[in-house]
Amino acid sequence: MSGVVKIIVGVVEVVVGVVTGQPGLVLNGAFTILAGVQDLSRPHRAQTNADLQSVKANVRGTSESHAIVFGKARVGGVIIGLETSGASNAYLSIALAHSATHAGGCDRIGRIWMDETVIETASITATTTTDTLGQPMQVYSVTAGQFANLVRLYFRRGTSTQGADPILAFLGIGQTTDYARGIAVSHIRLFRDVDDDAAFQKAFQGRIPNITVELYGQRCYDPRLDSTAGGAGSQRANNPSTWAWSDNPAICAATYALMSSDDGGMGVPATELNWFSVAAAANVCDQSNGMGGKLYRVSAALQTTPSTRAENLSMLLDSMAGVFLRIGGQYFIYAGAYRTPSFVIDDSWLAGAPQIVPKNELSKLYNAVRISCPDERGGYTNTEVPAYTNAAFEAQDGGFRIYRDGNFPTCPDVIQAQFLGRLMGQKSRRQMQITLPCNFKGITLDLWETGTVNLAGFDLSGRTFRITQIAWSESGPMLTLSEDALADYGIAGLQALPPPTSPTVSYAKPPAPTGLTGLSIADGVHLSWSVADAYRYDQVQIFRSIATANAYTLRAITYGTAWRDADVAGIIYDYRINLRGPYGELSDYSNVVRVVGKTVQDGADPTEPNTPTLVRNPGFEAGVIGWTSSGGTWTIAADANARTGTWCAAITAGNAARLTNTARVHIGAGDMLIAYAWGKSTAGAAGTLSVRISWRNASDLQIGTAAGNALSASTAYALSRATGVAPSGTAYAVVQIVLSGATAGTWYADDVSAVPTLRSLDELPDGPVYGRIRGAQLNGGNHRLTLPGGGLQLGDARATLALHTGGVRSLFSGMSIDAAYSSASPSVVTLSTSASTLVAGSVSVAYTASSTSISQARGTTATYYLYIDDPTYAGGARPLIATVNRTDMAAADGRIYIGYVSVTVPSTGGGGVPPGNPGGGGGQIP
């Protein structure tokens, strides 16, 4: 009771959390009551709870309203951006608007959920940084668990100075600056590692998850932390940037009332809020609940439409059984707590006969309460708390238990929900309500004060009542009092629930993997095993120990039925594996397999044992794997110009460029290696292409090369072959494609290979049916080979058989030889042959047309002998060679005589000459 007399002028309004009077709506009049949690039958509660649950979903649309979060709550948001980016679309960016906010912004992010899988804060690394525009930004990187390195969240608090997210703006899905302000926004990136796509697919099951976060919502104004409002601190009511996060319901309710309507709040001026009552209510909320927590906290994600604002305030009050009062031009906030009686009413206060309602109507009677709330420990899922029951009340109701069911959607704690449920149950029996017409003594009282009523004529003595309504009559104030008692607010007997993250169920033990085998292969150790189908995609834990040490350490966690490990040459390893199920359950170990490490060929196929696989990715079908370019940029891609398969290497105007294979062919001095590469170009290209062997020492320094034949520009593929003997000091060889003088056009390369070869028969090992014969022994005649029958030695002229009796050995079919000379001095003689076929018995070899040029002095005559070199009789395109020396026709193995033509060049002018004479393997040479 105050020490001064107050005159009640105007409207007295009350918004309550837990009351015993009749509920109503905020209307003009002498007195109103709104949203009492005692009356759980009101339709708005079910609707509001559904709305609060819906904020956990991600929604899309331009007309979606934003939630507004107080305390901390699990929320999704309005999807304001969705885009992929990066190489192979490895990044998925999702922008969510979580909460509207005032200029001070929301606070931070706690846990993150991918669908219903929670990422705890222990698995999240949080940092505060700035973006590329210098704006503050909180970054939350998932560093442990199944989503490690796959999820990163960039959070913007929604302050008055907040700008658009530059990354989202760059991707074309960012907000405008005006939209970014006043909205707490998360830019969430999902990362797909193209080298470990299995982990991404297992984590997200091949779809975009519904992403929700534990949002620490509005920063709130606390008058207890304002040195200008009777507190101690730097917070100021008119400066939201000084406010701090709080889940104290009194502080949150006062802040919501203070926030402007543009920010989704009530828009009450700061001067109209009684901050001393707010501070007192906040102190009540901070009291201990006897279980290690606070008596009242709030977790609210409220709707921001104007029609829900009064109800939003009621929801905040519900979480502390509180009231919001307006008296004499100021608003007061009180938390649900017992107040020591401050007045005594007796018969001397009466100005008329009181009206007494001793009990509620029968339809409103109950003696037990079942309450649920979104328990923060269980991911804010709706959880039923231990029910309130009272045997004495049941006895009064004929031994029947009558339940009243309810939900506290803004209560994050099962202990707090129990307390509120019990408070409701106790209040259900404090049913007496008195209406007292008072004389002027009544104007000394405040709304929501408690006092003692002693009215002897009505058998009332020493009972405590709370003033819930004050009106005005002709004789003075008209008081409405509801019964109250200290026993209703006790905290003894509240029950803690077991942590929801520790289910009281057991899971089947996975079967142990079977058939573990190990193979020492190129680039490491290849393990394979079998598992039951039901566990095929669960985690496989691989353990390794040095043989006989029996000291196993976890080497890797993988999926599937195979894995490759890098080994160390000469070390013997033991491996064993087991399975880890979805809930952490472990199988027994598999069998142990022992594998010997060995020296391997770098870059070889990791699925094959050590074999002469000397070129990695020889046909370019695996893309850039195994190749590096220098001196120019080679493009490796699917191309219609591929010789085989669908991929090849290409370079445009590369001048001097190399394409080097990363495989190191282990080879020693004196060993021989042959390398091949196919190449071609576009029409009109310049330069030459060839394959080359680069000899390297142990320090990877080039100590020599072996170049293949140079391919001239041609639209048809041709083969370049390099043969070389490794010089002294060689440790290994590297295969390269070399392009020179390519100042125009595009060149293509495909189907590169390399094989070792023997230098002599001395390299053949002795066997049971053969032995090595050295060249000196053959040359000396000791081991000359003989023909069966007559004893003639191989090479003896008498052993040569007449294969074509009375005929010729070979002739060209369709061959013509043409010649022409230019008017230059000296003249340029051009010799050309048509396409033709060399016929030799049962064998026919086709050759394409060819030509060559030679210089000849004016006034001279010359006979030109034409030939090609084709020792393997492969046919096709072969360089045409002209000579005036007849003996050149037989100066090399595999040389084929084409024919001859005589050319007389006069002193002046140019022209042609009669056709030449085709030759052949048995043709005459004049």
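# Briefing: salt bridges, sheets, a buried helix and a pocket

At 13% relative accessibility, Glu-394 counts as buried. Its salt-bridge partner is Arg-401, with N and O 2.7 Å apart, and Arg-401 is partly exposed at 44% relative accessibility. The model is a predicted one. A search of the whole structure finds 32 salt bridges, and the points below take up several of these pairs before turning to other elements.

**Salt bridges**

- Salt bridges with shared partners connect Lys-72, Asp-247, Arg-297, Glu-376 and Asp-413 into one network.
- Within the salt bridge of Glu-376 and Arg-297, the side chains meet at 2.7 Å, N to O.
- Glu-376 sits in the loop between β20 (368-375) and β21 (381-384), while Arg-297 sits in the loop between α6 and β15 (299-303), so this pair ties together parts that are 79 residues apart in sequence.
- Glu-376 is buried, at 14% relative accessibility, and Arg-297 is also buried, with a relative accessible area of 11%.
- The salt bridge between Arg-108 and Asp-107 has its closest N and O atoms 2.4 Å apart.
- In that pair, Arg-108 is partly exposed, with a relative accessible area of 32%, whereas Asp-107 is buried at 9% relative accessibility.
- Side chains of opposite charge can pair when their charged atoms come close.

**Helix α6**

- Helix α6 covers residues 275-285, and 8 of its 11 residues are buried, so the helix is largely enclosed by the rest of the structure.
- The buried residues of α6 are Trp-275, Ser-277, Val-278, Ala-279, Ala-281, Ala-282, Val-284 and Cys-285.
- The cover over these buried residues includes α5 (249-258) and β17 (330-334).

**Surroundings of Arg-156**

- Arg-156 belongs to strand β11, which spans residues 151-156.
- With a relative accessible area of 2%, Arg-156 is buried, because the cut-off for a buried residue is under 20%.
- Apart from neighbours within four places in sequence, Arg-156 is in contact with Asp-131, Gln-135, Pro-136, Met-137, Gln-162, Gly-163, Asp-165, Pro-166, Ile-183, Ala-184 and Val-185.
- The C-alpha atoms of Arg-156 and His-187 are 8.4 Å apart in space, and the two residues are 31 residues apart in sequence.

**The six-strand sheet**

- An open sheet of 6 strands, with mixed pairing, has the order β18-β25-β26-β27-β24-β19.
- Its edge strands are β18 (344-345) and β19 (355-357), each of which pairs on one side only.
- Within this sheet, β25 (residues 450-455) and β26 (residues 460-472) pair in the antiparallel sense over 5 bridges.
- Gly-451 has Phe-465 in β26 as its bridge partner.

**The four-strand sheet**

- An open sheet of 4 strands follows the order β52-β49-β48-β56, with antiparallel pairing.
- β52 and β56 (911-912) stand at the edges with a single partner strand each, so one side of each is left without a neighbour in the sheet.
- Strand β49 (residues 827-833) and β52 run antiparallel and are joined by 7 bridges.
- Across this pairing, Val-828 stands opposite Ser-855 in β52.

**The second largest pocket**

- The second largest pocket has a volume of about 880 Å³.
- Its lining consists of 25 residues, of which Asn-709, Ala-718, Leu-719, Ala-877 and Arg-878 lie nearest the centre of the pocket.
- By class, the lining of this pocket has 13 nonpolar, 9 polar and 3 charged residues.
- At least two lining residues come from each of β43 (711-712), β44 (718-725) and β52 (850-856).
- Strand β44 gives the most to the lining of the second largest pocket, with 3 residues.
- Strand β52 therefore appears in two settings: at an edge of the four-strand sheet and among the strands that supply the lining of the second largest pocket.

How values were computed. Residues are numbered from 1 along each chain as its sequence is written. This is a predicted model: local features need pLDDT of at least 70, side-chain atom pairs count only at pLDDT 80 or more; totals for chains, interfaces and linings use all residues. Side-chain values use heavy atoms; hydrogens and water are left out. Buried means under 20% relative accessible area, exposed over 50%, partly exposed in between (1.4 Å probe, protein chains only). Contact means heavy atoms within 4.5 Å. On a 1 Å grid over the protein atoms alone, a cavity is a set of points where a 1.4 Å probe fits but cannot get out, and a pocket is an open set with protein on both sides within 12 Å along at least five of seven lines; lining residues have an atom within 4 Å of a point. Grid points are joined across faces, edges and corners, and a volume is the space filled by probe spheres set on the points. Ala, Val, Leu, Ile, Met, Phe, Trp, Tyr, Cys and Pro count as nonpolar, Asp, Glu, Lys and Arg as charged, and the others, Gly among them, as polar. Two strands pair if DSSP finds at least two bridges between them. A salt bridge is a side-chain nitrogen of Lys or Arg within 4 Å of a carboxyl oxygen of Asp or Glu.
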